Amino acid sequence: MTSRATPAAPPSGCELMSGPSIRPASNSDCAKVRALIFAVLDEYGLEPAPRTTDKDLDDLEVFYADGAFDILVSADGDIIGTVGLAPLGGGRVELRKMYLKPSARGRGYGKRLLTHAIKRARELGFSRMELQTARVLEEAIGLYAKFGFAPSAEAALERRCDQALALDL
């Protein structure tokens, strides 16, 4: 006869801490999302482009209606990360605006956001994910490489980007 161990209950008075959650962004999040993204761009010496490349941040719900824009929210409700999926046509989707606050880096949240975005892109029926990035975003480029993204010469680069990467889903 085998006995089955019963999982131990948490010690009395201790609560299990919950980590950040990912949820769809709404337009009520636009100001906080813009502030996070522009702060990260500034940190890396990259210029925000509110009239062109970053115009999507004015109306997340409309711009990403056929894709997705999700945010990583801490247990206390702070937006600590962002990731968007914008359809490009022909089964392709662009990974956009994947940023983390400095305090959220080095904890696996970038990997979590990218895993989420790839899964979501597949669920939406996309077969290829493309992105543009800048060489100064070394941590992100390293993460993309670990996931199998490879250089792509197909994209017309935005002003602040110097490389394009792609992943077949």
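Four elements each supply at least two residues to the lining of the largest pocket: strand E4 (92-100), helix H3 (109-123), strand E5 (128-133) and helix H4 (138-146). The model is predicted. E4 gives the largest share of that lining, seven residues. The pocket holds about 660 Å³ of space. Its lining counts 32 residues, and those closest to the centre are Met98, Tyr99, Leu137, Ala140 and Tyr144. By character, the lining divides into 15 nonpolar, seven polar and 10 charged residues.

**Overall fold**

The protein has four helices and seven strands. Along the sequence they follow the pattern β-α-α-β-β-β-α-β-α-β-β. Of the 169 residues, 41% count as buried. Among contacts with a separation of 6 or more, 64% join residues 24 or more positions apart.

The seven strands form an open sheet. Their order is E1-E2-E3-E4-E5-E7-E6, and the pairing is mixed. E1 and strand E6 (150-151) stand at the edges. Each has a single partner strand, so one side of each is left without a neighbour in the sheet. Helix H4 lies across E4, E5 and strand E7 (163-168). H4 runs at about 135° to E4.

**Strand E2 and its partners**

How many residues of strand E2 (residues 68-73) are buried? Six of the six are, so E2 is largely enclosed by the rest of the structure. The burial covers both directions from the strand. Ala68, Asp70 and Leu72 point one way. Phe69, Ile71 and Val73 point the other way. Asp70 is thus a charged residue among the buried set.

E2 pairs with strand E1 (residues 21-24) in the antiparallel sense, over four bridges. Within this pairing, isoleucine 22 has leucine 72 of E2 as its bridge partner. E2 also pairs with strand E3 (residues 79-89), again antiparallel, over six bridges. Here aspartate 70 is bridged to valine 83 of E3. The hairpin of E2 and E3 has five residues between the strands. In that hairpin, glycine 77 takes a positive phi near 95°.

**The cavity beside E2 and E3**

The structure holds one cavity of 30 Å³ or more. Its space comes to about 30 Å³. E2, E3 and H3 each supply at least two residues of the cavity lining. The lining consists of Ala68, Phe69, Asp70, Val83, Gly84, Leu85, His116 and Ala117. Asp70 and Val83 are therefore both bridge partners and lining residues of the cavity.

The two spaces can be set side by side.

| Space | Volume | Nonpolar lining residues | Polar lining residues | Charged lining residues |
|---|---|---|---|---|
| Largest pocket | About 660 Å³ | 15 | seven | 10 |
| Largest cavity | About 30 Å³ | five | two | one |

H3 contributes at least two residues to the pocket lining, and at least two to the cavity lining.

**Lysine 97**

Most residues other than glycine have a negative phi. Lysine 97 has a positive value, near 55°. Lysine 97 is found in strand E4. Is its side of the strand buried or exposed? Lysine 97 is buried, with a relative accessible area of 7%. E4, its strand, is also the element with the largest share of the pocket lining.

**Leucine 137**

Leucine 137 sits in the loop between E5 and H4. Leucine 137 is one of the residues closest to the centre of the largest pocket. At 12% relative accessibility, leucine 137 counts as buried. Which residues does leucine 137 contact, leaving aside its neighbours within four places in sequence? They are Tyr44 and Leu46. Tyrosine 44 and leucine 137 are 93 residues apart along the chain, yet their C-alpha atoms are separated by 7.4 Å.

Methods: Residues are numbered from 1 along each chain as its sequence is written. This is a predicted model: local features need pLDDT of at least 70, side-chain atom pairs count only at pLDDT 80 or more; totals for chains, interfaces and linings use all residues. Side-chain values use heavy atoms; hydrogens and water are left out. On a 1 Å grid over the protein atoms alone, a cavity is a set of points where a 1.4 Å probe fits but cannot get out, and a pocket is an open set with protein on both sides within 12 Å along at least five of seven lines; lining residues have an atom within 4 Å of a point. Grid points are joined across faces, edges and corners, and a volume is the space filled by probe spheres set on the points. Buried means under 20% relative accessible area, exposed over 50%, partly exposed in between (1.4 Å probe, protein chains only). Two strands pair if DSSP finds at least two bridges between them. Contact means heavy atoms within 4.5 Å. Axes are lines fitted to C-alpha atoms, for helices over the stretch in contact, and angles run from 0 to 180 degrees between N-to-C directions.
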